[in-house]
Amino acid sequence: MLLWSLLVIFAPVDGKSDWLTLVAPSAVFEGDRIDLTCQKKNDWWKVKRVSYYKDGEELQFSSELSNCSIQRAVLSDSGTYHCAVSPVWPIFPFQKEKTSRSVRIEVQELFPRPVLTVSPFRAIEGNPVTLTCETKLSPQRSDAQLRFCFFRDGRALGSGWSSSPELRVPAMWSGDSGSYWCEAETVTPSVRKQSLQSQIHVRRVPVSNVSLEMRAPRGQVIEGRNLVLLCSVTEGTGNITFSWHREATGTSVGKKTQRSLSGELEVPAVQERDAGRYYCRADNGHGPIQSKVLSILVRIPASRPILSITAPRAQAVEGDVVELRCEAQRGSPPLLYRFYHEDVPLGNSSAPSGGGASFNLSLTAEHSGNYSCEADNGLGAQRSEVVPLSLSGTSSYREEHVTDRALGLLGVPACVGAALLFYCRFHKTPDFHTNHHDASPCLPPTRLPEASAMGGQQFQT
């Protein structure tokens, strides 16, 4: 009778007893640790088995009263929890297990799943794009620190994780098209969430308004100097291929591919053969666009001229008119020639169509000396070598000089005759009449004069 009375006193009706209490946290956020503790009210009975349940499913069991811990809570850990104990009753071995009252645990969201936004919505090649990872901490956990990271096709962008929810891309290109997403996480507690993936297609802009221009010193293309042909477009994105062509043959003289709205072709030392008509093309994958034709005129600096002096006779004299001719073998017209005597300017002459030019000079006594000339077509003057000119005197002086020489030549026979007469006078025969045959051969026979009509006498000389 006593045993039956004890069974009635200690046996609960529904198995749930205030003898067991499940201790659990009142507020739980994602990432928090959840510690569940099953406590018995009295210590006079022993525990054979302790089990923890969530929504009726056993989570953990042990042979002693120990805690059940969830290291990092997630939203799916929300549910109804209770614990159950199987006691050891030496007197009543058939006693049922004791069950605690249920405790509802709601795991709250620390921050919502981030959303990736793209601005501008349509990405155009070459333009900047801003990516934003949008989310917000719960007001109850506003002291937690968030950091963000952006990804494209599985690869982190920029410098990786950052406290800024924005990533600015200075310029998007067609190769940047792909699948983008972002991730947000808190360091303590460690909670990481990923946004949905967004497909970004970077649109390429075709090239348009292709133009060709030249850049040269002082705006002139001069032989031997640098020339730059600039091919440019007003619109066009991505890598643009620029090519330069001669109109006469259509052959390419240069080609460049670069991410720029213009390309330069440099000719380091222009030659005369480089003159002609040129055009350029630009292509970024939508088909080549051609510029208008540009004519290139190569100007040639004047070469060192040659000076020649032409006189009317072999030896120029005062009063003569001589021709000074200056000619440069190469040089773009018009050419201006300057003439110098001992580096003193005499005058100038022009050659509008090229070639040489002449300068006539009437000689005076002061015109002996060195002569030179200069050729200039605005690209740098060139001086000739020095040509000397010597004078012999005036024209009247020359005539007097010739007369003196002639007289001098006639004086030679006269001197010879005088010498012979002197010789014969001192070697004359004493009796000319008695010995006619011995007469001096130096004298011609003497002719006797006839009798004078007045005197009527004859005499002999």
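These legends walk through several close-up views of a predicted model.

**View 1. The largest nonpolar core and its best-connected members.** Let us begin inside the structure. The largest nonpolar core has 23 residues. Which of them touch the most other members? They are Phe-111, Leu-131, Phe-150, Met-172, Tyr-180 and Ile-200. Several strands give two or more residues to this core: E11 (115-119), E12 (129-134), E13 (146-152), E15 (166-169) and E16 (178-186). Keep Leu-131 in mind, as this residue returns in a later view of a sheet. Another core, of 20 residues, lies apart from this one, and its members include Leu-324, Leu-335, Ala-357 and Phe-359.

**View 2. The surroundings of Tyr-180.** Here we zoom in on one of the residues that touch the most other members of the largest core. What does Tyr-180 contact once its neighbours within four places in sequence are left aside? Among its partners are Leu-116, Leu-131 and Leu-157. Phe-151 and Arg-152 are also in contact with Tyr-180, as is Met-172. The list is completed by Leu-196, Gln-197, Ser-198 and Ile-200.

**View 3. An open sheet of three strands, E1-E3-E6.** In this sheet the three strands follow the order E1-E3-E6, and their pairing is antiparallel. Strands of a sheet pair through backbone hydrogen bonds, either parallel or antiparallel. Which strands stand at the edges? They are E1 (20-23) and E6 (68-70); each has a single partner strand, so one side of each is left without a neighbour in the sheet. On average, neighbouring strands here are turned by 15 degrees against each other, direction ignored. Look now at the pair E1 and E3 (residues 34-40): four bridges join these antiparallel strands. Within this pair, Val-23 stands opposite Thr-37 in E3.

**View 4. An open sheet of three strands, E11-E12-E15.** Now for another sheet, with its three strands in the order E11-E12-E15 and antiparallel pairing. E11 and E15 are the edge strands, each pairing on one side only. The average turn between neighbouring strands of this sheet is 15 degrees, direction ignored. How many bridges join E12 to E15? There are four, and the two strands run antiparallel. Leu-131, already met in the largest core, stands opposite Leu-167 in E15.

**View 5. The disulfide of Cys-133 and Cys-182.** A disulfide is a covalent bond between the sulfur atoms of two cysteines. How many disulfides does a search of the whole structure find? The search finds four. In the one shown here, Cys-133 is joined to Cys-182, with 2.1 Å from S to S. Cys-133 sits in strand E12 and Cys-182 in strand E16, so the link ties together parts that are 49 residues apart in sequence. The torsion about the S-S bond is about 75 degrees, so this disulfide is right-handed. Are these two cysteines buried or exposed? Both Cys-133 and Cys-182 are buried.

**View 6. The disulfide of Cys-231 and Cys-280.** The sulfur atoms of Cys-231 and Cys-280 are 2.1 Å apart and form a disulfide. Cys-231 belongs to strand E21 (residues 227-232) and Cys-280 to strand E25 (residues 276-283), so parts 49 residues apart in sequence are tied together. This link is right-handed, with 75 degrees about the S-S bond. Cys-231 is buried, at a relative accessible area of 0%, and Cys-280 is buried with a value of 0%.

**View 7. The disulfide of Cys-326 and Cys-373.** This disulfide joins Cys-326 to Cys-373, with 2.0 Å from S to S. Where in the structure do the two cysteines lie? Cys-326 is in strand E30 (residues 321-327) and Cys-373 in strand E34 (residues 369-376), so the pair connects parts that are 47 residues apart in sequence. With a torsion of about 70 degrees about the S-S bond, the disulfide is right-handed. Cys-326 is buried, with a relative accessible area of 0%; Cys-373 is buried too, at 0%.

**View 8. Cys-149, a cysteine in no disulfide.** Our final view turns to Cys-149, which is in no disulfide. Which cysteine sulfur is nearest to Cys-149? That of Cys-182 is, at 9.2 Å. Buried means under 20% relative accessible area. Cys-149 has 2% relative accessibility, so this residue counts as buried.

Methods: Residues are numbered from 1 along each chain as its sequence is written. This is a predicted model: local features need pLDDT of at least 70, side-chain atom pairs count only at pLDDT 80 or more; totals for chains, interfaces and linings use all residues. Side-chain values use heavy atoms; hydrogens and water are left out. A nonpolar core is a set of buried Ala, Val, Leu, Ile, Met, Phe, Trp, Tyr and Cys residues joined through side-chain atoms within 4.5 Å. Buried means under 20% relative accessible area, exposed over 50%, partly exposed in between (1.4 Å probe, protein chains only). Contact means heavy atoms within 4.5 Å. Two strands pair if DSSP finds at least two bridges between them. Axes are lines fitted to C-alpha atoms, for helices over the stretch in contact, and angles run from 0 to 180 degrees between N-to-C directions. A disulfide is a pair of cysteine sulfur atoms within 2.5 Å.
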